[in-house]
Amino acid sequence: MSWIYLIVAGIFEVVWATMMKMSEGFSILGYSIATIIGMILSFGGLILATKDLQLSIAYPVWTGIGAVGSIIVGVVLFHDHFSPVTWIFIVLLVISIIGIKLTASH
């Protein structure tokens, strides 16, 4: 169950980061509130996950999910563009997250 909490927490990290961008510097109330709710859910999921998972495993996976998810949102919603070399490093990040999960003792 800890891994589920961690994945959900990572997804909510993407949610709050996206809502923060859309809040335009916290000047749009709805997106600002969504940012705060996303933060609470993200940190709450991380708290639950670290009850059973090592922090040295949970935190990098959580931030990695947030990073990759934010990249996907940036490309899809905000039309961000990356060079081919950057995409190589994004793939390496995904491989690293999967590797941490597969080699974790929990």
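**Figure 1. Ser 23 and its surroundings in the loop between α1 and α2 of the predicted model.** The side chain of Ser 23 reaches the backbone oxygen of Met 20, the distance between them being 2.7 Å. Ser 23 itself sits in the loop between α1 and α2, and because its relative accessible area is 0%, it is classed as buried. When residues up to four places away in sequence are not counted, Ser 23 touches Ile 28, Tyr 31 and Ser 32. As with every view in this set, the coordinates come from a predicted model.

**Figure 2. Thr 35 of helix α2 and its polar contact with the backbone of Met 20.** Thr 35 is placed in helix α2, which covers residues 29–49, and a polar atom of its side chain lies 3.0 Å from the backbone nitrogen of Met 20. The backbone of Met 20 therefore appears in two of these views, through its nitrogen here and through its oxygen in the view of Ser 23, where the cut-off for a polar contact is a pair of N or O atoms within 3.5 Å. Leaving aside neighbours within four places in sequence, the residues in contact with Thr 35 are Trp 16, Met 19, Met 20 and Phe 26. Thr 35 has a relative accessible area of 0% and is buried, since buried means under 20%.

**Figure 3. Positive phi values at Glu 24 and Phe 26 in the loop between α1 and α2.** Glu 24 is not a glycine, yet its phi is positive, at about 50°; the residue lies in the loop between α1 and α2 and, with a relative accessibility of 57%, counts as exposed. Phe 26 belongs to the loop between α1 and α2 as well, and its phi, near 60°, is likewise a positive value in a residue other than glycine. The relative accessible area of Phe 26 is 45%, and the residue is therefore described as partly exposed. Phe 26 is also one of the residues in contact with Thr 35.

**Figure 4. Val 14 in helix α1, with contacts to residues farther along the chain.** Val 14 has its place in helix α1 and counts as buried, at 11% relative accessibility. Apart from neighbours within four places in sequence, the contacts of Val 14 are with Ile 65, Gly 66, Gly 69, Ser 70 and Val 73. The C-alpha atom of Val 14 is 8.8 Å in space from that of Ser 42, although 28 residues separate the two in sequence.

**Figure 5. Two C-alpha pairs that link distant parts of the sequence, Val 8 with Leu 46 and Lys 51 with Ser 2.** Val 8 is found in helix α1, which runs over residues 2–22, and with a relative accessibility of 37% it counts as partly exposed. The C-alpha atoms of Val 8 and Leu 46 are 8.7 Å apart, whereas along the chain the two residues are separated by 38 residues. Lys 51 is located in the loop between α2 and α3 and counts as exposed, with 64% relative accessibility. Between the C-alpha atoms of Lys 51 and Ser 2 the separation is 7.8 Å, for residues that lie 49 apart along the chain.

**Figure 6. A nonpolar surface patch that includes Val 85 of helix α4.** The patch is formed by Val 85, Ile 88, Phe 89, Val 91, Leu 92 and Ile 95, which together have about 580 Å² of accessible area. Val 85 lies in helix α4, spanning residues 84–103. Within the chain, the mean confidence is lowest in α4, at 93, and highest in α2, at 98.

**Figure 7. The whole chain, as context for the close-up views.** The chain contains 4 helices and 0 strands, with elements that run α-α-α-α from the N terminus on, and its C-alpha atoms fill a box of roughly 45 × 35 × 15 Å along the principal axes. Of the 106 residues, 32% count as buried, while the accessible surface comes to about 6500 Å², of which 77% belongs to carbon and sulfur atoms. Among contacts with a separation of 6 or more, 70% are between residues 24 or more positions apart. The mean pLDDT of the chain is 95, and 99% of the residues reach 70 or more.

Terms used
Residues numbered from 1 in each chain as written. Predicted model: local features only at pLDDT ≥ 70, side-chain atom pairs only at ≥ 80, totals over all residues. Heavy atoms only, no water. Helix = DSSP H or I, 4+ residues; strand = E, 2+ residues; numbered from the N terminus. Buried < 20%, exposed > 50% of the residue type's maximum accessible area, 1.4 Å probe, protein only. Polar contact = N/O pair within 3.5 Å; in protein donor to acceptor, adjacent residues only side chain to side chain. Contact = heavy atoms within 4.5 Å. Patch = residues over 30% accessible without salt bridge, like charges linked within 9 Å, V, L, I, M, F, W, Y side chains within 5 Å. Areas by Shrake-Rupley, 256 points an atom, 1.4 Å probe, with all protein chains shown as cover. Salt bridge = Lys/Arg side-chain N within 4 Å of Asp/Glu carboxyl O. pLDDT = per-residue confidence, 0-100.
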